[in-house]
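Aromatic rings, charged side chains and cysteines can each be examined in turn when a protein model is read. The reader is invited to look at the structure below with these groups in mind.

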Amino acid sequence: MKYQGKRLLFWQYFAGLIIAGLCVSLSISIGYQTGISSDFTVFWNAGKNFMQGNPLYSGIGGACRFIYPPFAAWVFQVFALFPLHVAATLYGIFNFILYFLALYLTKQVFSFIISDSKKLNIALLLAALLSFRYFWYHFHFLQNNIIVYVLCMAGIIFFYKKKQTASAGFFVFATLIKVYPVFFLIWLVIRGNFKTLFIVLGFLLVFSIIPILIRGYSQGISDLKDYNITFIQPFEHGRIEPQYHNHSLSSAIYKATQHSNEGDGYDYRIFNVSMDTTILIYKISFVVLFGMMLFLIIRNRFLNIGITAYELAVIFLSMLLLSGITWEYHFVTLLFVYMVLITNPTQNKSLAVIIFRAFFLSMAAVLSIVGKDTVGDRIFHYFGGYNALTILMLGLMCYFFYCDIFMKSLPMKPKEGLA
């Protein structure tokens, strides 16, 4: 038995070294292909501009537009300490480390529901396979969505440990790197106690002041104004980015109702309506989906229902649907969503549940392999242009909402010693 245990341990270490070597090799390859138009160059350039005292949203340095809060540029300074290609390689390695951390934290959260370790491992493997395509996009484009997902998962775990201050810190940190986790701040305030709002506001104030203290009052305030003018206000005033690879709700409605203005030669319009009608449809849809999320959180809070995986999945889906921009590498959060779909944390095992789960899992499986290399450019454009991913998210959000309210969903309970 001891010999078998040592042999298993040897092969585990050997597999780990092989995987680590592959991750480093891929990171080097991706890092040295990074050009001026890449997303990572935006982060690297923002950190450089922050260090040099340049305006963050002026395009100095030649990179594409910077659309993140000033706090994010302060964090991105670490990239600017290295030449671009070296920094990109190091960040690629960091992303692979974060991926395995994301898997670990996801498993930790679902261990609050599933006591059978074998069942949990199988569910995690399936969810990882269904969502890997989006992580691969993330690795290739050197994006920062995995760190946002990891911070959100850490915030959830600390909330279960009844450490609201730490939880708020993680969620605020995630929001000020990339604004769409603000939905989890709403969840935290509703689910917390009377101190939670002040803790969240305190972290927001401290993290927002850091760039101002470092860059000086005048430049710091100017950065905040520029961020508001260049990114927040346009979306408040109805900006839509209707590219076929933008899977947000606003983009989906626009593509379905308006003539495509992209240069790809495709037109995805299904309904011929005026722009005013398109905007009205979007506003109503936004209010309905946001209202569903709020209703679920408030209902569960005031009925003293423990936090459920369905509730958290609805928040992750709201982040993706209601954001103005949702590229494919934002979908790393589907790792959690697919875990909920696979594990089915409810007492209801009816035929209807089985049929809906089979349908959504089949759709997720198809979308996990759809790419230009697998189905060709035209079909790939059609999947994006006709909003297949958005439809899947909408279906899952409605399904999870129904399950949480009507199907006796199982609350997530920390194990002994975690609370």
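The following paragraphs discuss the aromatic rings, then the charges placed over rings, and lastly the cysteines.

The model is a predicted one. It contains 56 aromatic pairs. Tyr99 and Phe132 make up one such pair: their ring centres are 6.0 Å apart and their planes meet at 70 degrees, so the arrangement is edge-to-face, given that an angle over 60 degrees is counted in this way. Tyr99 belongs to helix 4 (residues 84-110), whereas Phe132 belongs to helix 5 (residues 117-141), so the pair ties together parts that are 33 residues apart in sequence. With a relative accessible area of 7%, Tyr99 is buried, while Phe132, at 34%, is partly exposed.

Aromatic residues also gather in a group. One aromatic cluster includes Phe40, Phe43, Tyr57, Phe66, Tyr227, Phe231 and Phe235. Phe235 has a further partner, for the charged end of Arg239 sits over its ring, 5.9 Å from the centre. A second arginine, Arg215, lies over the face of Phe50, at 5.0 Å from the ring centre.

The cysteines remain to be considered. How many disulfides does the structure hold? It holds zero. Cys398 illustrates the point: the closest cysteine sulfur, in Cys403, is 11 Å from its own sulfur, which is too far for a bond, since a disulfide requires the two sulfur atoms to be within 2.5 Å. Cys398 is partly exposed, with a relative accessible area of 43%, whereas Cys23 is buried, at 13% relative accessibility.

Methods: Residues are numbered from 1 along each chain as its sequence is written. This is a predicted model: local features need pLDDT of at least 70, side-chain atom pairs count only at pLDDT 80 or more; totals for chains, interfaces and linings use all residues. Side-chain values use heavy atoms; hydrogens and water are left out. Rings of Phe, Tyr and Trp (its six-membered ring) pair if their centres lie within 6.5 Å; planes under 30 degrees apart count as stacked, over 60 as edge-to-face and the rest as tilted. Helices (H or I, at least four residues) and strands (E, at least two) are DSSP runs, numbered from the N terminus. Buried means under 20% relative accessible area, exposed over 50%, partly exposed in between (1.4 Å probe, protein chains only). A charge sits over a ring if NZ of Lys or CZ of Arg is within 6 Å of the ring centre and within 35 degrees of the ring normal.
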